[in-house]
Protein chains: 2
Amino acid sequence: MPEFAKRLSYMEQTAEVLRGLFGAMSDPSIISFGGGAPASVALPVEQLHEIAREVLRRERRGVEALQYGPVPGVRQLREIVADKLLKPNGVDADPDDILIVNGGLETMNLLCQVFISPGDVILCESPSFVHCVEIFEMFEAKCIGCEMDEHGIVIEDVEAKIQKHHPKMVYVIPTFQNPTGKTLPAERRRALAELGSKYDVIILEDDPYRDLRYSGAPLLPIQSYDRTGHTVMAGSFSKIFSPGSRLGYVHARKEIIAHLTDAKIATNSHTAMLPQILCAEFFARGYFEQHLKNLCAVHRERRDAMMAALEKYMPAGTKWVYPDGGLFSWVELPGGIDATELLKEARAHGVAYIAGEGFFADKRGEGKNCMRISFGNVTSEQIETGMQRLGKLIASKL
Amino acid sequence: MPEFAKRLSYMEQTAEVLRGLFGAMSDPSIISFGGGAPASVALPVEQLHEIAREVLRRERRGVEALQYGPVPGVRQLREIVADKLLKPNGVDADPDDILIVNGGLETMNLLCQVFISPGDVILCESPSFVHCVEIFEMFEAKCIGCEMDEHGIVIEDVEAKIQKHHPKMVYVIPTFQNPTGKTLPAERRRALAELGSKYDVIILEDDPYRDLRYSGAPLLPIQSYDRTGHTVMAGSFSKIFSPGSRLGYVHARKEIIAHLTDAKIATNSHTAMLPQILCAEFFARGYFEQHLKNLCAVHRERRDAMMAALEKYMPAGTKWVYPDGGLFSWVELPGGIDATELLKEARAHGVAYIAGEGFFADKRGEGKNCMRISFGNVTSEQIETGMQRLGKLIASKL
């Protein structure tokens, strides 16, 4: 066997975490707070079925759906991104500056192809989304975590680390962050945009949960404060439409989009047409607005059930984040309990979560007493039962 | 703007060729022999519409189609690849050694992530498929072209270049090659598999056109001769099912598939579920066999029309390949005509092709008198008209 590329050794440790994460999602005997999926019951199956029945005919869009398509993505869908998802959020977007990608995460991959050489530094939240950390590691970037407080990433620490490490990018999930559920306030969003301009650094804004808000007032994205084109917006249809359709988009200045498009050609030519067309029709028919209301209602109930269950079952000294939206909360266990070690026992008791330490890019052993819990694809009843099991197990360790 | 990664400068020249290629496909006023699309009229639109109507309900596979799916791909589809596409061709395949990818080309990208470090050598046919050359360049591989004769790549030259350059991979399109339409005979397929074993080199077999055979006897793939697991099979549903669905597969030994799966997670998590499910149902219902017959009948007629038109309209001294299948022929012009320069004039006369020089990875100015012509998505009438225009233009230059 010829030698593997060096990049594989950089990603090995994180790859192991991710394999565990994907593996945990598929055991039906366990109540899993582990995955990042939205509620299956709230997926727009009926609307999609109706649209497929009507538009997949030869005389409508059947040939378009099956034949090769444009590299940047279906024009109609790029217009929808600009008009319905970005402009109402204060981002002055042109469809020509939007590239449709194969799931929101593909943006991180393509952006690394365009900007990252081995050894380049990427600053990220600490903890950050482990899946993106793996992408950065595959490109042999050096990921350095920045401090977070209860409102998210701490701007002073970001600025100090920009000055010290000269990063290519700052990667942030500003809204209902993965894994913590925290949301960055408006003044910090503006400050991040200004840091990008001041230090000539890309601010990579990963914002897939933005529309899943159950309480509190909406905030403008970081990109809405950007005056110099240093912010790259990585958006996704996974939470607001369908994860399995693997649809995301990136909005950035023309020069960056042009290079991302070349990298897209050299990655997989273009995003699948069938999901793009069905998604575009879904928005064009005005189904999105009602669907989003339903989606938020289902997830709000689950968020509330999770908060109530944490209150009810977690032993004293446990801390957790109250998320205003999204799919996650972040739990800190008391008494030096190791969440990674506890997981095996938890699974034997029929409940699972993701241990926290994998989410720290620096790999200095932080977050050992932490767990990410998702309330997205579990019913309120499952949350009640699962958290009771988990609380009992944790209490037994104190 | 922060500095772009160095890899972008390696791919710039090829990226320009590809942008032109994709651009040429979209001008409706021109009869284009440029693209690589199969006949729109032969796409299985009616079957897909029927399947979508039946299976995209909540009580059937609607939720599966919209929710996150397994990283390796839908199990049913991997079984179909093993049982219907590989085993009948002499490849003893296990569904666990198959990864479903976002179009056949994604395999080249993922395989580079796994094996290629900057400066590594990849041997390829000369000319080779320009799109893959761009992928190799994005990974800063050094592409070295091997000689071809009328039967395809010359084994003695491959062996000499393996000894001289110690490549990581040999990239070949053995059946109805892109761009030449040539097919590698059985003894050379066996010899390539043996070179992989002998020199510990990956033989990357890109075989998307295999089933589109219009004349001659079928040949076993290179992988069927492999006894040591050095061959990686890059398959595709683009030509036999639907290009826009972006579905391909890779079959290789377990160790390689494991690393490819990690790279897939770090590229786009998994391939879109909707196309996978519709494609799997298409095969499960037995529609493939009849569809393939129809597909070959349509393309055979176009191949024959193209061969007749070349005979009728090309001036003396022009040479071309008679392809037994696939979508392409390769034309060598007489009298030192520069096909790249001629293209502008050709477009003004309402006909397009792809100039040959872009297909040579070595970039030494070879193939200037060559063109790739596709008969896939043009009718016999368009072939007649377009080739008449082209022949007249070429004759006027002699």
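What distance separates the centres of domain 1 of chain A and domain 2 of chain A, taken over C-alpha atoms? In this predicted model, the two centres are 24 Å apart.

**The domains of chain A**

Domain 1 of chain A covers residues 7-43 and 289-396, whereas domain 2 covers residues 45-285. The two domains touch: 35 residues of domain 1 of chain A are in contact with 34 residues of domain 2 of chain A. On the side belonging to domain 1, two or more residues each come from helix H1 (7-24), helix H11 (287-313) and strand S12 (328-332) of chain A.

**A buried helix**

Helix H5 of chain A spans residues 106-115, and ten of its ten residues are buried, so the helix is largely enclosed by the rest of the structure. Among these buried residues are Glu106(A), Met108(A), Leu111(A) and Phe115(A).

**Two chains and their axis**

Chain B can be superposed on chain A by a rotation of 180 degrees with 0.0 Å of shift along its axis, and the RMSD is 0.0 Å. The two copies are thus related as by a two-fold rotation axis. In chain B, Arg53(B) has the C-alpha nearest the axis, at 2.7 Å from it. The same surface serves both copies, since 100% of the contact residues of chain B recur in chain A.

The contact between the chains takes 66 residues from chain B and 66 residues from chain A. Several helices of chain B each supply at least two residues of the side that touches chain A, including H1 (7-24), H2 (45-55), H5 (106-115) and H10 (273-284). The largest share of that side, eight residues, comes from H9(B).

**A helix pair in chain B**

Helix H7 (residues 155-165) and helix H8 (residues 186-199) of chain B have axes that come within 10 Å and cross at roughly 10 degrees. H7(B) and H8(B) are therefore roughly parallel to each other. H7(B) brings Ile155(B), Val158(B), Glu159(B) and Ile162(B) to this contact, while H8(B) brings Arg188(B), Ala191(B), Leu192(B), Leu195(B) and Tyr199(B).

**Composition of the contacts**

The table sets out these contacts by residue class.

| Contact | Nonpolar | Polar | Charged |
|---|---|---|---|
| Side of domain 1 of chain A that touches domain 2 of chain A | 19 residues | ten residues | six residues |
| Side of chain B that touches chain A | 36 residues | 17 residues | 13 residues |
| Contact of H7(B) with H8(B) | seven residues | no residues | two residues |

Note on methods
Residues numbered from 1 in each chain as written. Chains lettered and ligands numbered in written order. Predicted model: local features only at pLDDT ≥ 70, side-chain atom pairs only at ≥ 80, totals over all residues. Domains from an automatic or database assignment. Contact = placed C-beta atoms within 7 Å. Helix = DSSP H or I, 4+ residues; strand = E, 2+ residues; numbered from the N terminus. Nonpolar A, V, L, I, M, F, W, Y, C, P; charged D, E, K, R; others polar. Least-squares fit on C-alpha atoms with pLDDT ≥ 70 in both. Axes fitted to C-alpha atoms, helices over the stretch in contact; angles between N-to-C directions. Parallel < 35°, antiparallel > 145°, perpendicular 65-115°, else oblique. Buried ≥ 20, exposed ≤ 12 C-beta atoms within 10 Å, placed from the backbone.
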